[in-house]
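Good morning, and thank you for joining. Please have the sequence and the structure open while I go through a surface region, an interior region and a metal site.

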Amino acid sequence: MNCTDVIILAAGKGSRMQSSLPKVLHLLAGRPLLEHVLTASNKVANARSILVTGHGADEVESVCAHDAYVAVRQIEQLGTANAVQAALPHLREHSKVVILYADVPLIHPNTICRMLEAVDGEQISLLTLDMAEPSGYGRIVRNSNGVIEAIVEHRDASPSQRGICEINTGVMALGAEQLKAWLPEIDNRNVQNEYYLTDLISIARKHNYHVKSIQPATANEVQGVNDRIQLSRLERAYQLQLAHALMLSGTTLADPARFDQRGELSAGIDNYIDINCVFTGAVTLGSGVTIGANCMITDSSIADGAVIATNSVIESAQVGAGCSVGPFARLRPGTILGAGAKVGNFVETKKVRVGAGSKINHLSYIGDADLGDNVNIGAGTITCNYDGANKHATRLGDDVFIGSNSTLVAPVHVGDRGFVAAGTTLTCDVLDAELAVGRARQRNIADWRRPVKKED
Ligand code: UD1
Ligand code: CA
């Protein structure tokens with residue numbers, strides 16, 4: 001028995017979610033519940049994951065297609081034991097089997113390994129936990145010697161059994177041969193008329209097997225998600241866990257209860273993150289980075305010493321060392337800011353390279369553009385990158401100055417040290433060091449008489 005088959009049950013409808021989306025596809029920290037379980041399962045040595053789908057099977061299998069697993073279908077959702085039945089043909093001979101529930105997302109690979117180690121000879125293992133509020137969970141029934149005898153589902157439990165605080169997490173491990181032999185003994189004589197996998201415990205006892213209980217390292221690992229309240233609680237608990245890990249690695253959080261990480265966040269040391277920031281996808285922070293309150297940062301990297309001021313939105317962008325962004329800046333995909341660049345309030349950028357030390361400080365849209373070093377873009381400057389059919393590029397050399405309220409009609413190029421006067425509508429290229437003035441000449445009319453309001 002040196003190989004492991006992990007059966008993951010994901011066929012249930014999840015009625016208590018009140019959702020058209022299958023329960024196991026609801027997101028925890030930005031990833032489907034099921035994906036968390038598959039990731040843990042695939043970390044177990046010599047393990048193969050067998051995913052049992054049923055309700056919304058096509059959708060479930062397509063969302064999690066990138067993870068390696070064998071998919072099997074449970075035709076009708078007749079209960080957890082019936083779901084396991086569907087996986088039996090795929091078990092390898094004499095493997096150890098561990099059964100996980102896709103709605104218990106935070107199970108840790110180490111816990112799965114401890115469960116597997118406890119399967120030995122005539123012993124199987126069951127993951128249990130003492131819970132202050134065990135309502136809804138299956139309860140662990142022990143005899144007077146403390147030996148586990150059975151699991152009784154909450155709905156089937158007597159009032160005294162409901163007083164038991166030790167709960168079934170749903171995770172059990174046993175030999176493939178035992179599972180195959182015992183599963184047919186399970187019937188559906190219970191309140192829900194379902195085939196309960198939990199009945200396997202009393203059957204194991206009948207065959208004189210010992211049930212060893214294993215406890216998880218943390219309670220979060222075994223919290224199930226059956227409704228949206230439980231989902232929100234687990235989200236906060238998990239976020240706190242991620243926040244603690246980040247703080248212990250050298251980042252200060254203004255408030256770990258108001259921090260959200262929905263993907264991979266890697267960070268150096270001495271970063272400061274203010275409240276209500278959301279990090280999505282793959283985000284990398286250097287060291288000494290400051291992020292103001294209410295920032296949304298997605299799939300981006302932010303280099304050492306950069307300051308992202310409050311209410312900035314950054315997506316698929318690279319922010320160089322010592323840059324200053326925001327408040328209220330929006331860096332859209334393809335924005336690359338060189339070292340020390342500044343992007344100020346109400347500025348939107350897209351597919352743009354901004355050279356070192358360049359500034360776009362106020363109220364601008366700069367898209368499909370390449371800016372050299374030390375460029376200054378005046379307030380209200382717009383790149384007209386779209387002609388209604390195609391996108392065109394704007395190229396500005398080093399040390400270019402664009403006066404306020406200019407419109408740069410692409411394709412257009414300004415050479416090094418080029419100077420564009422305020423209010424210019426730039427339609428022709430500007431050579432190195434040239435001044436372009438592209439606005440109507442001002443006329444002043446002396447003794448101007450203002451219009452007078454007519455009497456009615
Ligand atoms: C189950 C356990 C309960 C335990 C709890 C832990 C049973 C009978 N009860 O209850 O002892 O305390 O989990 O979270 O096992 N599923 C299928 N096919 C089905 C039915 C369910 O694949 O026909 C899957 C679901 O998608 C889910 C998992 O099995 O991932 C558990 O089903 P659920 O209905 O949520 O069981 P609980 O009532 O939570
Ligand atoms: Ca459940």
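I begin with Val 437, which sits in the segment after strand S35 (435-436); strands are DSSP runs of at least two E residues, helices of at least four H or I, numbered from the N terminus. This is a predicted model, in which local features need pLDDT of at least 70 and side-chain atom pairs count only at pLDDT 80 or more, while totals for chains, interfaces and linings use all residues. Residues are numbered from 1 along each chain as its sequence is written, chains are lettered from A and ligands numbered from 1 in the order written, and side-chain values use heavy atoms, without hydrogens and water.

Together with Phe 401, Phe 419 and Leu 435, Val 437 makes a nonpolar surface patch of about 370 Å². Such a patch joins nonpolar side chains within 5 Å, from residues with over 30% relative accessible area and no salt bridge (Lys or Arg side-chain nitrogen within 4 Å of an Asp or Glu carboxyl oxygen); areas are Shrake-Rupley values with a 1.4 Å probe.

Now the interior. The largest nonpolar core has 56 residues, and among those touching the most other members are Phe 279 and Leu 371. A core joins buried nonpolar residues through side-chain atoms within 4.5 Å, buried meaning under 20% relative accessible area. Helix H8 gives the largest share, six residues. Domain 1 (4-222) and domain 2 (242-436) both contribute, so the core lies between them; the bounds come from an automatic or database assignment.

Finally, Asp 103 (OD) and Asn 226 (OD1) coordinate the calcium ion (ligand 2) at 2.2 to 2.4 Å; for Ca, donors are N, O and S atoms within 3.2 Å, and water is not included. The two residues are 123 residues apart. Asp 103 is buried at 13%, and Asn 226 is buried at 16%.

How values were computed. Donors = N, O, S within 2.8 Å, 3.2 Å for Na, K, Ca; no water. Buried < 20%, exposed > 50% of the residue type's maximum accessible area, 1.4 Å probe, protein only. Patch = residues over 30% accessible without salt bridge, like charges linked within 9 Å, V, L, I, M, F, W, Y side chains within 5 Å.
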